[in-house]
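Work through the exercises below with the sequence and the 3D view at hand. Try each task before reading its solution.

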Amino acid sequence: MKIVDMRGKLPVHPQKRYQERPLNSIYYIAIHHSLTDNIPGGSDVEAFARYHVETNDWPGIGYHYVIDADGTVYKCNSATTKSYHVGKHNRFSLGVCLVGDFSNYPPTDIQYQATKELIQQLINAYGVTVDNVLGHSEFEGYKWKKCPCINMDKLRRDLT
Ligand SMILES: [Zn+2]
């Protein structure tokens with residue numbers, strides 16, 4: 001698994017900054033899809049950051065990790081950064097976004113492999129349980145959300 005550290009290299013809000021949190025407040029890993037088609041060469045991360053800052057008026061990109069269709073993992077925020085991606089659950093969650101619109105097609109094999117590897121690493125690093133690896137729509141208050149449109153039961157099974 002190839003991880004590219006994008007921290008400090010992405011567009012951020014001119015004034016706003018995310019709050020920090022202690023590592024022991026992390027209990028969940030939230031899985032998202034980007035609802036956008038893959039832009040070759042990893043420009044997706046840049047585009048998401050710009051959208052989150054300019055359109056959403058957020059301090060910076062919302063996700064902690066973005067996984068490209070080619071399997072590259074982009075680290076976008078430190079785990080201690082309380083960024084925005086799952087509302088009132090942000091405080092306790094790491095956000096992982098897979099590039100793609102999985103209501104139309106599935107993740108690529110290499111992307112799915114990288115997702116499993118990354119999640120396994122995060123589970124080991126932060127003591128998150130497999131049961132707490134949740135799709136966005138599995139969080140309380142987000143049943144209506146069509147995100148991430150991947151079979152989360154299968155993903156959790158594939159992790160064990
Ligand atoms: Zn989502």
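Helices (H or I, at least four residues) and strands (E, at least two) are DSSP runs, numbered from the N terminus. The model is predicted.

**Exercise 1. Describe the overall fold.**

Task: How many helices and strands does the protein have, and in which pattern do they follow each other?

Solution.
- Step 1. Count the elements. There are three helices and eight strands.
- Step 2. Read along the sequence. The pattern is β-β-β-α-β-β-β-β-α-β-α.
- Step 3. Check the compactness. The radius of gyration is 14 Å, close to the 15 Å that the globule rule gives for 160 residues, so the protein is as compact as a globular protein of that length.
- Step 4. Add the dimensions. The C-alpha trace spans about 40 × 35 × 30 Å along its principal axes.

**Exercise 2. Look at the inside and the surface.**

Task: What share of the residues is buried, and what share of the accessible surface belongs to carbon and sulfur atoms?

Solution.
- Step 1. Take the inside. Of the 160 residues, 50% count as buried.
- Step 2. Look at the contacts. Among those with a separation of 6 or more, 74% are between residues 24 or more positions apart.
- Step 3. Turn to the surface. The accessible surface comes to about 8000 Å². Carbon and sulfur atoms hold 51% of that surface.
- Step 4. Count charges. The protein has 18 positive and 17 negative side chains. The centres of these two sets lie 6 Å apart.

**Exercise 3. Search for disulfides.**

Task: How many disulfides does the structure hold? Explain the case of Cys97.

Solution.
- Step 1. Recall the bond. A disulfide is a covalent bond between the sulfur atoms of two cysteines.
- Step 2. Set the cut-off. The two sulfur atoms must be within 2.5 Å.
- Step 3. Give the count. The structure holds zero disulfides.
- Step 4. Test Cys76. Cys76 is in no disulfide, and its nearest cysteine sulfur, that of Cys97, is 9.1 Å away.
- Step 5. Test Cys97. Its closest cysteine sulfur is in Cys147, at 7.0 Å, which is too far for a bond.
- Step 6. Compare exposure. Cys76 is buried at 5% relative accessibility. Cys97 is buried too, with a relative accessible area of 0%.

**Exercise 4. Find the unusual backbone.**

Task: Where is the cis peptide bond, and which loops hold Asp57 and Cys149?

Solution.
- Step 1. Locate the cis bond. The peptide bond from Cys147 to Pro148 is cis, with omega near 5°.
- Step 2. Place Pro148. It lies in the loop between strand E8 (133-135) and helix H3 (152-159).
- Step 3. Move to Cys149. This residue is in the loop between E8 and H3. Cys149 is not a glycine, yet its phi is positive, at about 60°. With 32% relative accessibility, Cys149 is partly exposed.
- Step 4. Go to Asp57. This residue sits in the loop between helix H1 (43-54) and strand E4 (65-67). Asp57 also has a positive phi, about 65°, although it is not a glycine. Its relative accessible area is 37%, so Asp57 counts as partly exposed.

**Exercise 5. Trace contacts around three residues.**

Task: Which residues touch Ser93, Ala114 and His85, leaving aside neighbours up to four places away in sequence?

Solution.
- Step 1. Start with Ser93. It is in strand E7 (residues 93-98). Ser93 is buried, at 0% relative accessible area. It touches Arg21, Tyr28, His64, His85, Val86 and Phe139.
- Step 2. Follow the contact to His85. His85 belongs to the loop between strand E6 (81-82) and E7. At 8% relative accessibility, His85 is buried. Its contacts include Ala30, His32, Tyr63, His64, Ser93 and His136.
- Step 3. Compare sequence and space. His85 and Ser137 are 52 residues apart in sequence. Their C-alpha atoms are 12 Å apart.
- Step 4. Finish with Ala114. It is found in helix H2 (residues 109-126). Ala114 is buried, with a relative accessible area of 5%. Its contacts are Met1, Ile67, Gly71 and Val73.
- Step 5. Set Ala114 against Gly127. They are 13 residues apart in sequence and 19 Å apart in space, C-alpha to C-alpha.

Key
Residues numbered from 1 in each chain as written. Predicted model: local features only at pLDDT ≥ 70, side-chain atom pairs only at ≥ 80, totals over all residues. Heavy atoms only, no water. Buried < 20%, exposed > 50% of the residue type's maximum accessible area, 1.4 Å probe, protein only. Rg over C-alpha atoms; globule rule 2.2 N^0.38 Å. Contact = heavy atoms within 4.5 Å. Areas by Shrake-Rupley, 256 points an atom, 1.4 Å probe, with all protein chains shown as cover. Lys, Arg positive; Asp, Glu negative; His and termini not counted. Charge placed at Lys NZ, Arg CZ, Asp CG, Glu CD.
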